[in-house]
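Work through the exercises below with the sequence and the 3D view open. Try each task before you read its solution.

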Amino acid sequence: MAKFKGVREAFAAALTDLVVEGKDVYGVFPDSLSAMRAISFGEKYPERYVECGIAEQCAVDVAAGMATTGAIPFVGSYSGFLTMRAGEQMRTFVGYTDLNVKFAGFNAGCMGGEREGVTHQFYEDLAFVSSLPNFKILTPADGNQMYKAVKLAAELKGPVYLRGGSGKEPTVFPEDAPFSLDGITVCKDYGSDAVILSTGHVLDRVIAAADQLKEKGINVTAADINILYGDNPAKILEVMAKTELVVTVEDHNINGGLGSYISRLATENRPVKVKRIALEDYSESGPAKELGDKEGFSPENIAAVVAKCLGK
Amino acid sequence: METAALQKIARRVRFEAVRMIYEGKEGHPGPALSCADIVATLYFDVMNINPDEPDWEDRDRFILSKGHGCPIWYATLNERGYLKPKVEHFHLRELGSIFQGHPSMHSGVPGIDMTTGSLGNGIAIGAGMAYAAKVHKKDYYTYVICGDGEMQEGVTWEGVNMAKGRGLDNLVVFVDNNGWQSYKTIEFTIGQNNMADRFRAFGWHTQEINGHDVEQIKAAVLIAKKTPGSPHAIICRTIKGRGLSYMENNNKWHKGVPTEEQWAITQTELGGE
């Protein structure tokens, strides 16, 4: 297994290992090879590196054409350039056609784009992709999970959207932890006062909040949701069933992502209060940690929101 | 195939395309008729295909990037033997019909290599197919028919760049250069209609032909196949609505349905053998 650190290197490492395993995979890049930390992949396998120029719509179309021949293309770029600039191509030529194209969208969230600012931070991708039938949405929390998510995506038939941030996110999962096919991994199980559900790179903050709450006598369960809008949410419902308060935390707009998904599960299955911690406005440039804290993702704020919802 | 036989087939599929629009009471007859000779020549002479095995992995690929012209494609697939049994009434655009308003690769029509209809995407998708042929060591060609109006879509030129950059000389793009788009002429819309100059400027091997002359279409493909190194553009001068006196060069027929009187004219001008 190739060595990697963070979600971007993990993506490139998994793609490399898939080639070694004999899979007919390709990296389709709209001048994003460097940003995807995939230069070694391109140098090692020049035929598997499909350069499309700074042209995301073209990259998605090229991948769709390739997929009709049995190839498994992974389009790697920034999440918003894929889902917004090339959104129609993703919808019509991959979703509607149900072709075997995989998308790896990085710079997701304010912390994903951090110092680059709003033009390179994307908090709308999940709202769009979750409205596309046939797409599966995988939201790995760190590099170890991303590596496994890419490997899983290659096995899944049909379109897959992988969401990643900057590549500098903290590593939370051990290397040997599986990518949960249940769509949920419970990270802390201190009790049922509340269930805090996290998706993506805010997981370390959610776990820290759970620890802080425990010290205050509020015992919560903290879990990572790694598959959004999946076919089988039974395990997620099982975890939600033990509480009267669910708090969702995501580096995405408050509409269309984890909070919307969990609200839907709650209203359709077992009504429970759902409080959403997410972005409600465009963010700004800044180092990831300070920016995340400012946008409400500090462990202290997450803990405070949970305590307030519980009336404590 | 002999020229006279190809011309006869082109006439036949023109009639069938207009018939399905007349019966279905909706569709784009003008854009269908302008590319009829290209589609017929590809399916009955140029392309290496097997209607009994539409998904044959070594087949030549075809994309109708101007998907709204699909009645001519449906009619040609039917004449070529893809539909079994042969379709008598297409029920174009009707609820439950396999013949969707724009072509779908999963609606049940055999031989549709790619869903189209959203303009501008055919070249980039074709480039993907052509790239896959190269890396899979296959010798099939990918043929794309674009409208001249859809060349206004930016993604078209993204695909043109990519195909040139990757040296996809197994990609052949026909531009159905009828000079019209939905509202008015290409010249009115963007001030010029210099398709060949544009493709040459992007480094493509470019030819200009009469898109209603099946001999010229065949010859242009042969020249393209003998010219390695770059993708190929064949700019086809065409007439929108070609083949029907009341439709030719009349943009009212971009989308429309013949009246009973016009249907009678259609039967006279295109019907019979």
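Helices (H or I, at least four residues) and strands (E, at least two) are DSSP runs, numbered from the N terminus. This is a predicted model, in which local features need pLDDT of at least 70, side-chain atom pairs count only at pLDDT 80 or more, and totals for chains, interfaces and linings use all residues. Residues are numbered from 1 along each chain as its sequence is written, chains are lettered from A and ligands numbered from 1 in the order in which they are written, and side-chain values use heavy atoms, with hydrogens and water left out.

**Exercise 1. A peptide bond in chain B**

Task: Find where Pro85(B) sits, and say whether the peptide bond from Lys84(B) to Pro85(B) is cis or trans.

Solution:
- Step 1. Pro85(B) lies in the loop between helix H4 (70–80) and H5 of chain B.
- Step 2. Omega from Lys84(B) to Pro85(B) is near -5°, and the bond is cis.
- Step 3. Set this against the general pattern: most peptide bonds are trans, and most residues other than glycine have a negative phi.

**Exercise 2. Two positive phi angles in chain A**

Task: Place Glu114(A) in its loop, do likewise for Asn134(A), and decide for Glu114(A) whether it is buried or exposed.

Solution:
- Step 1. The loop between H6 and H7 of chain A holds Glu114(A). Its phi is positive, about 30°, although Glu114(A) is not a glycine.
- Step 2. Recall the cut-offs: buried means under 20% relative accessible area, exposed over 50%, partly exposed in between (1.4 Å probe, protein chains only).
- Step 3. Glu114(A) counts as buried because its relative accessibility is 10%.
- Step 4. Asn134(A) is in the loop between H7 and E5 of chain A. Here too phi is positive, about 85°, and Asn134(A) is not a glycine.
- Step 5. Asn134(A) has 38% relative accessibility, so it counts as partly exposed.

**Exercise 3. The neighbours of two chain B residues**

Task: Which residues does Glu57(B) touch, not counting residues up to four places away in sequence? Why does Gln262(B) count as buried?

Solution:
- Step 1. Glu57(B) is in the loop between helix H3 (36–46) and strand E1 (61–64) of chain B.
- Step 2. Contact means heavy atoms within 4.5 Å. With residues up to four places away set aside, Glu57(B) touches Lys138(B) and Tyr140(B).
- Step 3. Glu57(B) and Tyr140(B) are 83 residues apart along the chain, and their C-alpha atoms are separated by 9.0 Å.
- Step 4. A polar contact is a pair of N or O atoms within 3.5 Å; within protein, one must be able to donate a hydrogen and the other to accept it, and residues adjacent in sequence count only if both atoms are side-chain atoms. The side chains of Glu57(B) and Lys138(B) make one of 2.7 Å.
- Step 5. Turn to Gln262(B), in helix H10 (residues 260–270) of chain B. Its relative accessibility is 17%, so Gln262(B) counts as buried.
- Step 6. Leaving aside neighbours within four places in sequence, Gln262(B) contacts Tyr246(B), Trp253(B) and Val257(B).

**Exercise 4. Where chain B meets chain A**

Task: How many residues does each chain give to the contact, and which residues form the salt bridge?

Solution:
- Step 1. Chain B gives 26 residues and chain A gives 26 residues.
- Step 2. Buried area is the accessible area (1.4 Å probe) that two parts lose on being put together, summed over both. For chain B and chain A this is about 2,000 Å², with 61% on carbon and sulfur atoms.
- Step 3. A salt bridge is a side-chain nitrogen of Lys or Arg within 4 Å of a carboxyl oxygen of Asp or Glu. The rule finds one across this interface of chain B and chain A.
- Step 4. The partners are Lys137(B) and Glu47(A), with the closest N and O atoms 3.4 Å apart.
- Step 5. Ten residue pairs are in polar contact across the interface of chain B and chain A (both at pLDDT 80 or more).
- Step 6. On the side of chain B that touches chain A, helix H5 (122–135) and helix H6 (154–165) of chain B are the elements that give two or more residues. The largest share, eight residues, comes from H5(B).
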